[in-house]
Amino acid sequence: MATAVKKPNLIHQVSDKPRPAMKHLGHKTKKTVPWVDVDDDDKSRKTPLKRNNDMVNVHDQHHSARKSKKARHSYLSMSDLPSENGDASSSNHSRRRSSGTAGPSASSTPRLIALQEQRRQLPIAQGKDALIEEIRNNDVTVLLGETGSGKTTQVPQYILESGLAENGQIAVTQPRKVAATSLATRVSTEQQTPLGSTVGYSVRFDERSSSSTRIKYMTDGMIVRELLSDPLLNKYSVVIVDEAHERTLRTDLLIANLKTIQKQRNRPRDEKGKGNADKMSPLKIVVMSATLDAEKFSKFYHNAKILYVKGRQHPVKIYHSASSQPDYVDAAMRTFFQIHTDQPPGDVLIFLPGQEDIESLENSIKLFANQLPCDTMDVLICPMYAAQAPGQNAKVFTQTPTNTRKCILATNIAETSITIPGVKYVIDTGKSKEKRYLARDSGGGFDTLLTKDITKSSAMQRAGRAGREGSGVCFRLYTEDAFNSMELSAEPEILRVSLTASILQLKCLGQDLEELDLMDKPDFDSIISALKTLWLLGALDNNKKLTPLGRQMASFPLEPPHARSIIASQAFACTAEVLNIIAVLSSSSKLFVDVSTFRDEIATARQKFRHPAGDHLTILNAFRAYEEVADSESKSARREWCRKHFLNERALLEAKEIREQLRQVCARAGIDWKATCGENEDPVIRSLGHGLTMNSAFLQPDGSYRQTMGQSIVKIHPGSVLCDKKVPAIIYDELIYTNQIYARGVSSILKSFFVTHAALNQRNA
DNA sequence: GAGCACTGC
């Protein structure tokens, strides 16, 4: 705990130390502020973010790139681009009805006129013609656009108006569902067409598009899934990969596939001839990134041209700590009170790695806030993290009461996923938790979840959160040197997650991950580990070739072990039960919410669902109980029931949607999803066992559990109903290393299962 | 006695 400090006046203590690193103090030359101002001069007060070292580097990189003969990169700032006469519909290339995009005559309401005016004011609007020209002349274009440039909403519309996509749709991929749906809504408003006509979206469980759809916002997972039915993506004539810098696993797979698809689709075209007698229409690729690694995308696509568009952000003043702050929770608290007592009103957003630190800081701040003089503003603390009880997170969005300063304690959830209004100050601890898969050639790999230093991109993103509505201030609890030595951007996901599902999916496309032309190639160990898992599940044969079982597994939108469990349930006639469990496990939110203050109440409420066989059947009990209530009660009664039992209804509602989708897949595969085993639940565990064979452990004489595939000692996670129980053998959903290796989602299983299962596998092999 | 960043099909 960080509450070693007893008196509020000690808040300033840290700043009384010598400050050798200090170069310049801001306008407030208070001795007590230990901050280093990164703006040595005031020339760029308008865009202090640009003053960051890596932004400067971009210029340097581009300058040197321009000199190099090989690289074709150019630095097109908005001032370099020819400006356009303002009316988008006057574009020479516009062959479509102008949809009233910017023409004043077409707009009817003042709101729409304002909207079109807003569009014209976006930084990217001035570079429109040059941008379209580049896209027209190049197969691949890399667009580096800062936040607020308008690239995501405008570029697809420019392409549509230019007629570049006449033979197909324009796909715009996003890593997150909310982004895809909200962008589609926004852009369809701008186009003055109903959502789902000209502009639509496609995300899991939700599709709004039609045969007339020209611009389709979709998740990257969705388009990778589409590869299975349309390997050349013939539907699309332009694919825009947005947020490419995030380097999600699916974005990387898409980028690799687009390269080979483009080679095939653009090949028959005669270099000179415009006559497109070929059946295949060419594909244009636009890669959009918000950070500085655009070079990498360019190199990957044969030195594709990089275009740069300025962003629009309010100025954010950045201070670095003069010395490093090992106890970042304590440092965050001191900084918060410095802001609270010295700075004008405005909410504070503090970035912390996890729930534990958030709770600890919440307690410290509460303790001190009570001791402040009466004339200071009140403090309203809003913790915010994904695992938090739903409804608690909503507190963040409520209007801050008068004479109150909101203090938001958030994880990375507030970095990209959620934008919180009213934030003027950001405190950045420089830390986040990162999940990383540790492959073991024994096959018993596991995830680690450890606190790590963030990257420069991340630090800039966090600082930017202070400048959403007006100028802001960001206090970094690390030195400028520490910032300079940070990695530029996060390691791509493909290098740190389990590849099991992706390798299976690629096998269905006839591709091998190890032969794919990827921007970053994963470790050999990681591939071997995934191949081994797939072989164990029966998805691959001894020659690494896809089996019919593997193909069937890939048809489920699930992790291979879960898909395997469902397929196994057919033989045990308990598909109904297994689907219920897998659906809840696949839900993005947790069913059992933990609020530490109600621990005892939660334990009592959960007792009702507790199943001696473990977590899987406990989940089944809870889901069944909910469905009984759901059938007979009103919506509000259901909600109340969930609240009373500390169940997250959102998880249950999502599980029902997933279950419906899984039932459809089952029906297509000829699996009877209605098959039920009734009261005898032993077959359920057996089905799960077929999917989780590699996730099993045996009890040792000393009372610990040891992996069956690997040598690690694992502990049952405290959140499990089997915690502290000693059963001969367990299966688990996942293994996660924090302080120890914990097994989560645990069920008891007969040891003999593994003997018969192994025999069965051998016979099949 | 002890605990868990975030996505996606």
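The following paragraphs lead through a predicted model of chain A, from its overall composition to three local regions.

Chain A has 765 residues, and 55% of them are buried. Its secondary structure consists of 23 helices and 22 strands. Of the contacts between residues at least 6 apart in sequence, 72% connect residues at least 24 apart.

The first region surrounds the start of helix H17. Cys574 is situated in the loop that links helix H16, residues 560-572, to H17. With a relative accessibility of 0%, Cys574 counts as buried, because the limit for that class is under 20%. Leaving aside residues up to four places away in sequence, Cys574 is in contact with Ser569, Ala675, Thr676, Cys677, Pro683, Val684 and Ser687. A further relation links Cys574 to Lys674: these residues are 100 positions apart along the chain, and their C-alpha atoms are separated by 8.1 Å.

Thr575 belongs to H17 itself, which covers residues 575-586. Thr575 is also buried, since its relative accessible area is 0%. Apart from residues up to four places away in sequence, the contacts of Thr575 are Ser569, Gln570, Cys666, Ile671, Asp672, Trp673 and Ala675. Ser569 and Ala675 are thus found among the contacts of Cys574 and among those of Thr575.

From here the path leads to the packing of H17 against helix H22, residues 682-691. The axes of these two helices come within 9 Å and cross at roughly 55°. An angle of this value makes H17 oblique to H22, because it lies neither under 35 degrees nor in the range of 65 to 115. The crossing of H17 and H22 is right-handed. On the H17 side the contact involves Glu577, Val578, Ile581 and Ile582, which meet Val684, Ser687 and Leu688 of H22. By class, the residues of this contact are five nonpolar, one polar and one charged. Val684 and Ser687, which take part in the contact with H17, are also touched by Cys574 in the preceding loop.

The next region is helix H20, residues 635-644. Its buried residues are Arg638, Trp641 and Cys642. Viewed down the axis of H20, these buried residues fall within an arc of 100°, so they line one face of the helix. The spacing accords with a general property of such elements. An α-helix has 3.6 residues a turn, so residues three or four places apart point the same way. On the other side of H20, the exposed residues are Ser636, Arg639, Arg643 and Lys644. The cover over the buried residues of H20 includes helix H19, residues 615-632, and helix H21, residues 649-669. After H20 comes Phe646, whose phi is positive, near 55°.

The last region lies among the strands. Gly445 is located in the loop between strand S15, residues 431-438, and strand S16, residues 446-453. Its relative accessibility of 16% means that Gly445 counts as buried, because the limit is under 20%. When residues up to four places away in sequence are excluded, Gly445 touches Tyr437, Leu438, Ala439 and Arg440. Gly445 can also be related to a distant part of the chain: Ser712 is 267 residues away in sequence, with a C-alpha to C-alpha separation of 9.5 Å.

Note on methods: Residues are numbered from 1 along each chain as its sequence is written. Chains are lettered from A and ligands numbered from 1 in the order in which they are written. This is a predicted model: local features need pLDDT of at least 70, side-chain atom pairs count only at pLDDT 80 or more; totals for chains, interfaces and linings use all residues. Side-chain values use heavy atoms; hydrogens and water are left out. Helices (H or I, at least four residues) and strands (E, at least two) are DSSP runs, numbered from the N terminus. Buried means under 20% relative accessible area, exposed over 50%, partly exposed in between (1.4 Å probe, protein chains only). Contact means heavy atoms within 4.5 Å. Axes are lines fitted to C-alpha atoms, for helices over the stretch in contact, and angles run from 0 to 180 degrees between N-to-C directions. Angles under 35 degrees count as roughly parallel, over 145 as roughly antiparallel, 65 to 115 as roughly perpendicular and the rest as oblique. A crossing is left-handed if the near helix is turned anticlockwise from the far one by less than a right angle, and right-handed if clockwise. Ala, Val, Leu, Ile, Met, Phe, Trp, Tyr, Cys and Pro count as nonpolar, Asp, Glu, Lys and Arg as charged, and the others, Gly among them, as polar. The arc is that of the directions from the helix axis to the C-beta atoms.
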